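Visitor: I'm new to this one. Could you walk me through it and tell me how each label is earned?

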Amino acid sequence: MMTMIESGSHRPGVFARDFGLPDHTALRYEQPAHALRELLPSYAVLDSEPGFPHLEETWMLPSWAMIWVVLAEDPISVSVGNRRYGELSSAILYGVTSSAMPVRSNGGVTIAIDISPLGWARFFKQSAETLRDRITPLKEVLPPSLVNELVNRLYHSDRALDVKGILDDIFLRALPAPHPDEAMIADMIRILSATGRSDLSEASASLGIQPLKLRRLSQRYFGFPPKILQMRTRFLRIFLNMMINPCDDYESLISEFYFDRSHFLRDSKRFLGMTPWQFLDLNTSYLTAALRARRLVMGVPTSSLDIVSA
């Protein structure tokens, strides 16, 4: 049996023992170089031992776009909405997603690179909306030479401590010039990050972004129209807290952001396909450990995790 990677992080003061990893799994979470951090907020290396049935199906929450490099020997399959991808290639792009996704594997290493809307503006020519809720071979959206280097260097690395340095080097050298829309994208991120029931359309108008331009920006870089974007952000703000801090008084959070519990449950059905409690009864221990690691490495409150990757 192959030895799993060394769990942990290069960030000082972050220890793998605090991730709460389930048995037979390993995880590294890293912050990219400072110049990349607003574009590619985090790197994650995930590993699990083959042959343990309770690890064969895990779940991913709705998220911003991600690059995945698959180094596992056995096939990995994912369902994204009504689409099932039976065997992932070695380098793929997850578009922005609007629903929870089951992932089936038999162990092995995968490496995930988060892409924020600012990162999408820099690195991708396609609209985030056109690639939403689908998986695309990475060579179709990034230069093949970059993708080949990415896969080859990660394949021949230790797949653990080497990963951050390799990814920083590749993406710093490939870093495009700032995009003209970045200031407005950053304004939208700040509005979404605000607590309470701030309205994206009203707040953006006060910043001088007209409704049609707001919608174009939202779909182009965030993958959703403003209303759906804000609904997803609102729901995940609460649900992430429920996952990591199950004993907290989440009813007060629901009342802060929703008119009532039924309103919250409608959003849960939309973004999870089930109630929050049904989702929490699934095999989510590895997902919860990854969220906990991300919180520790990125140094943000649980409620900001979804926003910080924006």
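Visitor: How many residues of strand E1 are buried, and what makes the strand count as mostly covered?

Guide: Keep in mind that this is a predicted model. Buried means under 20% relative accessible area, and six of the six residues in E1 (residues 25-30) are buried, so "mostly covered" fits.

Visitor: How do you know that both faces of E1 are covered?

Guide: In a regular strand the side chains alternate between the two faces of the sheet. On one side of E1 sit Thr 25, Leu 27 and Tyr 29, and on the other Ala 26, Arg 28 and Glu 30; all of these are buried.

Visitor: What makes E1 and E2 a pair?

Guide: Pairing takes at least two bridges between the strands. E1 and strand E2 (residues 43-48) are joined by six bridges, so they pair, and they run antiparallel. Ala 26, for instance, stands opposite Asp 47 in E2.

Visitor: There's a sheet of four strands too. Why are E3 and E6 called edge strands?

Guide: The sheet is open, with the order E3-E8-E5-E6 and antiparallel pairing. Strand E3 (57-60) and strand E6 (83-85) each pair on one side only, and that earns them the name. From one strand to the next, the twist averages 20°.

Visitor: And how do you know that E5 pairs with E6?

Guide: Same test: at least two bridges are needed. Strand E5 (residues 77-80) has three bridges to E6, so the two qualify, again antiparallel. Within this pair, Val 78 stands opposite Tyr 85 in E6.

Visitor: On to helix H8. Why are its buried residues said to be on the same side?

Guide: The buried residues in H8 (residues 250-257) are Tyr 250, Ile 254 and Phe 257. They cover an arc of only 80° around the axis, so they share one side of H8. As a rule, an α-helix has 3.6 residues a turn, so residues three or four places apart point the same way.

Visitor: What covers those buried residues of H8?

Guide: The cover includes helix H7 (226-244), helix H9 (261-272) and helix H10 (276-280).

Visitor: Which residues touch the most other members of the largest nonpolar core?

Guide: Ile 67, Leu 93 and Phe 279, out of 79 residues in that core. H7 gives the most to this core, with 11 residues. Apart from it lies another core of 26 residues, including Ala 112 and Tyr 286.

Visitor: What is Leu 93 in contact with, leaving aside its neighbours within four places in sequence?

Guide: Contact means heavy atoms within 4.5 Å. Among the residues in contact with Leu 93 are Ile 67, Trp 120, Phe 124 and Val 141.

How values were computed: Residues are numbered from 1 along each chain as its sequence is written. This is a predicted model: local features need pLDDT of at least 70, side-chain atom pairs count only at pLDDT 80 or more; totals for chains, interfaces and linings use all residues. Side-chain values use heavy atoms; hydrogens and water are left out. Buried means under 20% relative accessible area, exposed over 50%, partly exposed in between (1.4 Å probe, protein chains only). The arc is that of the directions from the helix axis to the C-beta atoms. Axes are lines fitted to C-alpha atoms, for helices over the stretch in contact, and angles run from 0 to 180 degrees between N-to-C directions. A nonpolar core is a set of buried Ala, Val, Leu, Ile, Met, Phe, Trp, Tyr and Cys residues joined through side-chain atoms within 4.5 Å.
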